[in-house]
Amino acid sequence: MSTRPRLHVTRSGRPLHPDGETFLLLHGFGGSSFSWRWWTPALEHRGHVVQVDLLGFGRSPMPVEGPYDPEGQAGLVLDVLDGIDPARLTIVGHSFGGAISLLLALELQERGRAPERLVLVAGVAYRQRIPPFVRIARYPRLGQALSELVGVRTIMAQALRSVVFDTTSVTSELVTGYARPFTREGAIRAVLTCATRIQPPRMDAITALYPRLSMPTLLLWGRHDPVVPPWVGARLAHDLPNARLRTLERCGHLPQEELPEASLAEVEAFLDS
């Protein structure tokens, strides 16, 4: 009898309260809860913060086989929410975590528990070109050989530089924070497995449901995002009935890292409105 993996969760900020706000933070492919370190203090001041490491990332389990696809990941995050049962929920998702956020919102709405708000930061939402660092990872033997030959830290540094606008923003601290979880046993295998399943086969059926999501939604994009291009944000702004798109200049795929103050200011203005 198999059991579903339990994701690693960090909870902080104000105590959970029926009238209080809860913020669920979902990182992107290759990230972890480390990705939110610049935004977390401000959100903790506002309410209860729930940071989740997705399956295969951060400090979550890294099984040989598991639900690494977006719909499977969304199911595991739903398990987390079922254990918390937040009353006023804002889901914040970056990149791959954005895709999972949309799936969560659809499922929660179907259950009569729709989130109060969504914040999608360069969120994956439609069929698109797979970025080079994910395409390489989709060939497990090649990806494993590269990690052994070059080293995780070197690969992570190059991957980060390839997705930002200003490469000087890729500091030693940033590389260390993103690379550290990949030193765990099974981490390379897990990320390679996730890469092969990153686009759900039901993508077209899922995207057709987006117009049902009427909750206020902030779409936050970097003007120079090479991973999830700005047209994705523009299309989401059209398909989601109550969405606003904010685009940050001189910014790539990591607004919360590249422009932490400016990106957080957009989020706080949205929450205040």
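Mentor: Before we start, a contact here means heavy atoms within 4.5 Å. Also, this is a predicted model, where local features need pLDDT of at least 70, side-chain atom pairs count only at pLDDT 80 or more, and totals for chains, interfaces and linings use all residues. Residues are numbered from 1 along each chain as its sequence is written, and side-chain values use heavy atoms, with hydrogens and water left out.

Trainee: OK, so what share of the contacts with a separation of 6 or more comes from residues 24 or more positions apart?

Mentor: In the protein chain, that share is 79%.

Trainee: And how much of the chain is buried?

Mentor: Buried residues, meaning under 20% relative accessible area with a 1.4 Å probe and protein chains only, make up 53% of the 273 residues.

Trainee: Why call the chain as compact as a globular protein of that length?

Mentor: Because its radius of gyration, taken over C-alpha atoms, is 17 Å, close to the 19 Å that the globule rule (2.2 Å times the number of residues to the power 0.38) gives for 273 residues.

Trainee: Switching topic: which residues sit closest to the centre of the second largest pocket?

Mentor: Leu 103, Leu 106, Glu 107, Arg 202 and Leu 209, out of 13 that line it. A pocket is an open set of points on a 1 Å grid where a 1.4 Å probe fits, with protein on both sides within 12 Å along at least five of seven lines, and lining residues have an atom within 4 Å of a point.

Trainee: Which helix gives the most to that lining?

Mentor: H3, with 5 residues; helices are DSSP runs of H or I, at least four residues, numbered from the N terminus.

Note on methods:
Helices (H or I, at least four residues) and strands (E, at least two) are DSSP runs, numbered from the N terminus. Buried means under 20% relative accessible area, exposed over 50%, partly exposed in between (1.4 Å probe, protein chains only).
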